Amino acid sequence: MIILGIDPGTGRTGFGYVETRPGSNPAMLSCGCITTPKDASRARRLELLFLALDEKLSELRPDVMAIEQLFFNKNITTAMNVGEARGVILLSAALNAVPVAEYTPLQVKEALSGYGRASKSEVREMVKVYLNIDKIKGPDDVADALAIALCHSFALQLQDCL
């Protein structure tokens, strides 16, 4: 199964493809970050995000997309921008007939580290351990996207055990 993990954002959206196979460890197939120009209008940035993600979905044809759920923090503007990006991402998944699973940051941190308040650096290190890689190229958004994909992989393994 190929899982596309997404860490949504208007300026930067991290993505990570993870392949899972019964009886073997998950493997990273590809990862990166979709960026949009800061000087572009919000509408244009969302359009560019949609087009780039649509291309990514066509490349590896994931079986499922795992995306971080929106949580409200003190900065309502940031939350609104992330919400808009999530809407574009969910639309892209729907138009490409890719099912979506959603996880909170707490669920992702608990799945990877066993602790819901793990730091970004702790999560990044656990992603490297689980995927048996030395380095994750790019900003934290990329590591977060891979973490979300791994979280879904672990959730599927738990379902298989029940």
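Okay, let's start in the sheet: strand β5, residues 100-103, runs parallel to β4, and four bridges join the two. Before I go on, keep in mind that this is a predicted model.

So, staying with that pair for a second. If you look for the bridge partner of glutamate 68, you'll find tyrosine 103 over in β5. On to the other neighbour of β4. That's β1, residues 2-7, and the pairing there is parallel too, over four bridges. Two of the partners are worth clicking on: glycine 5 has alanine 66 as its bridge partner in β4, and isoleucine 6 has isoleucine 67.

Now β1 on its other side. With β2 it pairs in the antiparallel sense, and here there are six bridges. The two strands make a hairpin, with four residues between them. If you want a landmark in that pairing, take isoleucine 3, which stands opposite valine 18 of β2.

Let's put the whole sheet together. What is the order of the strands? Reading across, β3-β2-β1-β4-β5: five strands in an open sheet, with mixed pairing. At the edges you have β3, residues 27-35, and β5; each has a single partner strand, so one side of each has no neighbour in the sheet. And going from one strand to the next, the twist averages 20°.

Next, burial. How many of the residues of β4 are buried? Five of the five, so this strand, residues 64-68, is largely enclosed by the rest of the structure. You can see that on both faces: Val64, Ala66 and Glu68 are buried on one side, and Met65 and Ile67 are buried on the other. Yes, a glutamate is in that list, and Glu68 is the one I just paired with tyrosine 103 in β5.

β1 tells a similar story. Six of its six residues are buried, so β1 is largely enclosed by the rest of the structure as well. Ile2, Leu4 and Ile6 cover one side, while Ile3, Gly5 and Asp7 are on the other, and they're all buried.

Hold on to Asp7, since that residue takes us out to a helix. Aspartate 144 sits in α5, the helix covering residues 140-161. Is aspartate 144 buried or exposed? It's buried: its relative accessible area is 11%, and the cut-off for buried is under 20%, so it qualifies. And what does aspartate 144 touch, leaving aside neighbours within four places in sequence? The contacts are Asp7 and Lys120. So there's an aspartate from β1 in that list, and a lysine alongside it.

Speaking of helices, let's look at how two of them meet. Helix α3 is residues 105-113 and α4 is residues 120-131; their axes come within 9 Å and cross at roughly 50°. That makes α3 and α4 oblique to each other, because angles from 35 up to 65 degrees fall outside both the roughly parallel and the roughly perpendicular ranges. As for the hand, α3 passes α4 in a left-handed crossing. Which residues make the contact? From α3 you've got Lys109, Ala111, Leu112 and Ser113, and from α4 there's Val123, Met126, Val127 and Tyr130. Sorted by class, that comes to six nonpolar residues, one polar and one charged.

Last stop, the loops. Alanine 97 lies in the loop between α2, residues 76-95, and β5. Its phi is near 55°, which is a positive value in a residue other than glycine. Alanine 97 also counts as exposed, at 68% relative accessibility.

Asparagine 132 is another one to look at. You'll find it in the loop between α4 and α5. Asparagine 132 isn't a glycine, yet its phi is positive, at about 55°. Buried or exposed? Exposed, with a relative accessible area of 71%.

And then serine 24, in the loop between β2, residues 12-19, and β3. At 38% relative accessibility, serine 24 counts as partly exposed. For a sense of where that is, measure across to glycine 114 on your screen: the two are 90 residues apart in sequence, and 21 Å apart in space, C-alpha to C-alpha.

That's my tour. Happy to go back to any part of it.

Notes
Residues numbered from 1 in each chain as written. Predicted model: local features only at pLDDT ≥ 70, side-chain atom pairs only at ≥ 80, totals over all residues. Heavy atoms only, no water. Axes fitted to C-alpha atoms, helices over the stretch in contact; angles between N-to-C directions. Parallel < 35°, antiparallel > 145°, perpendicular 65-115°, else oblique. Left-handed = near helix turned anticlockwise from the far one by under 90°. Contact = heavy atoms within 4.5 Å. Nonpolar A, V, L, I, M, F, W, Y, C, P; charged D, E, K, R; others polar. Buried < 20%, exposed > 50% of the residue type's maximum accessible area, 1.4 Å probe, protein only. Pairing = 2+ DSSP bridges.
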